[in-house]
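Here are a few notes to help you find your way around this one. Have a look at the picture first, then read on.

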Amino acid sequence: MSQNYYNMCCQHHGKNVRITDRFGNVHTGRIVNVTRSRVFIQPNGPRPRGAFGMGYYGRGYGYNSYFPAYGIGLGFITGFAVGSLLFF
């Protein structure tokens, strides 16, 4: 099953997703990296006050320093949804 999630994550790299894990946690954000064992997402959210929107591409995962990306094990994923309608 994790092979299917790997393929979906690769296909939707750079897009906004909502991932549910086996513990019931919901992770929303943009896919910024995919490995054979994990998908790395950068959470969406409002910018901190005074931020000018200039980010960095450090370590190949995060697009900005305000919301660094984190990994989710592909074996823990139980739900996957794609689309900009998930975020307002």
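1. Let's start at Val82, which sits in strand β5, the stretch covering residues 77–82. Keep in mind that this is a predicted model.

2. Is Val82 buried, exposed or something in between? Val82 comes out as partly exposed, because its relative accessibility is 36%, and that class lies between the 20% and 50% cut-offs.

3. Which residues does Val82 touch, once those up to four places away in sequence are set aside? The partners are His12, Lys15, Asn16 and Val17. You may also want to look at Arg30: it is 52 residues from Val82 along the chain, and their C-alpha atoms are 9.7 Å apart.

4. Stepping back, the chain has five strands and one helix. Reading from the N terminus, the order is α-β-β-β-β-β.

5. Now for the chain as a whole. It has 88 residues, and 30% of them count as buried. About 5,800 Å² of the chain is exposed, with 53% of that supplied by carbon and sulfur atoms. Take the contacts between residues at least 6 apart in sequence: 57% of these join residues at least 24 apart.

6. A word on confidence before you go. Mean pLDDT for the chain is 78, and 68% of the residues reach 70 or more. Where does pLDDT stay under 50? That happens over residues 50–64, a stretch for which the model has 23 contacts beyond four places in sequence.

Notes: Residues numbered from 1 in each chain as written. Predicted model: local features only at pLDDT ≥ 70, side-chain atom pairs only at ≥ 80, totals over all residues. Heavy atoms only, no water. Helix = DSSP H or I, 4+ residues; strand = E, 2+ residues; numbered from the N terminus. Buried < 20%, exposed > 50% of the residue type's maximum accessible area, 1.4 Å probe, protein only. Contact = heavy atoms within 4.5 Å. Areas by Shrake-Rupley, 256 points an atom, 1.4 Å probe, with all protein chains shown as cover. pLDDT = per-residue confidence, 0-100.
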